[in-house]
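Colleague: I would like to learn how to read a model of this kind, one feature at a time. Could you take me through it slowly?

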Amino acid sequence: MIYPKLFLSTLILLVMGVSVNAQDVFGKWKTVDDITGEVKSIVEIYEVKGKVYGKVSEILDPKAPKNPTCDECTGKDKGKPILGLEFIKGLEKDGDEYSGGKILDPENGKLYKCYITLEEDDKLKVRGYIGFALLGRTQYWYRVNP
């Protein structure tokens, strides 16, 4: 005979364990160029006042110049060091994805619409696009485990 209280307690603990293990987009991610397949940087994704942002926390590309700056950027980002540059700006949670913000490509200085979503616990889909989400580029980034 199964005791109802014991069964219910076990079920609640099991559900809580699954919820605690569920991953989100926050943390550090290794970026991989969608064209070359090369690892480029480590990006930190974080939340400020309910919106999601991302900044470059480490440059891994051995071909990158020492202390590169965003020379092609406009406005307040022009000439800023790429290391520490906030290039994902103002995404908001919408179901399983984060969207409604912008992503900056430091190589050409252009801002694109953006959405990000977890493909797997340790794999992040990052899509930058103009106009329609069909017209753009997708990269997959991989979680950096501490």
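**Reading a loop, a strand and a buried charge**

Modeller: Let us begin with Phe 132, which is found in the loop between β7 (123-129) and β8 (136-143); please keep in mind throughout that this is a predicted model.

Colleague: Is Phe 132 buried or exposed?

Modeller: A residue is called exposed when its relative accessible area is over 50%. Phe 132 has a relative accessible area of 60%, and therefore counts as exposed.

Colleague: Which residues make the nonpolar surface patch?

Modeller: Phe 132 makes it together with Leu 134 and Leu 135, and the area of this nonpolar surface patch is about 410 Å².

Colleague: How should I place that loop within the whole protein?

Modeller: The protein has 1 helix and 8 strands, and along the sequence these follow the pattern α-β-β-β-β-β-β-β-β. Of its 146 residues, 32% count as buried, while the accessible surface comes to about 9,700 Å², with 58% of it belonging to carbon and sulfur atoms. Among the contacts with a separation of 6 or more, 36% are between residues 24 or more positions apart.

Colleague: How do I read burial along a strand, for instance at Ser 99 and Gly 100?

Modeller: Buried means under 20% relative accessible area. Ser 99 has its place in strand β5 and, because its relative accessibility is 16%, counts as buried. Gly 100 is also found in strand β5, which spans residues 97-105, but its relative accessibility is 73%, so Gly 100 counts as exposed.

Colleague: Which residues do Ser 99 and Gly 100 touch?

Modeller: Leaving aside residues up to four places away in sequence, Ser 99 touches Gly 90, Leu 91, Glu 92, Asp 94, Cys 114 and Tyr 115. With neighbours within four places likewise left out, Gly 100 is in contact with Gly 90, Leu 91 and Cys 114. The C-alpha atoms of Gly 100 and Tyr 115 are separated by 7.1 Å, although these residues are 15 residues apart along the chain.

Colleague: And how do I read a charged residue such as Arg 127, and what is the nearest side chain of opposite charge?

Modeller: Arg 127 lies in strand β7 and is buried yet has no salt bridge, the nearest side chain of opposite charge being Asp 34, which is 7.4 Å away. A salt bridge would require a side-chain nitrogen within 4 Å of a carboxyl oxygen. A polar atom of the Arg 127 side chain does lie 3.1 Å from the backbone oxygen of Leu 134. Not counting residues up to four places away in sequence, Arg 127 touches several others, including Lys 113, Tyr 115, Leu 134 and Leu 135.

Conventions. Residues are numbered from 1 along each chain as its sequence is written. This is a predicted model: local features need pLDDT of at least 70, side-chain atom pairs count only at pLDDT 80 or more; totals for chains, interfaces and linings use all residues. Side-chain values use heavy atoms; hydrogens and water are left out. Patches are made of residues with over 30% relative accessible area and no salt bridge: like charges are joined within 9 Å, nonpolar side chains (Val, Leu, Ile, Met, Phe, Trp, Tyr) within 5 Å. Accessible areas come from the Shrake-Rupley method with a 1.4 Å probe; for residues, only the protein chains shown count as cover. Helices (H or I, at least four residues) and strands (E, at least two) are DSSP runs, numbered from the N terminus. Buried means under 20% relative accessible area, exposed over 50%, partly exposed in between (1.4 Å probe, protein chains only). Contact means heavy atoms within 4.5 Å. Lys and Arg count as positive and Asp and Glu as negative; His and the chain ends are not counted. A polar contact is a pair of N or O atoms within 3.5 Å; within protein, one must be able to donate a hydrogen and the other to accept it, and residues adjacent in sequence count only if both atoms are side-chain atoms.
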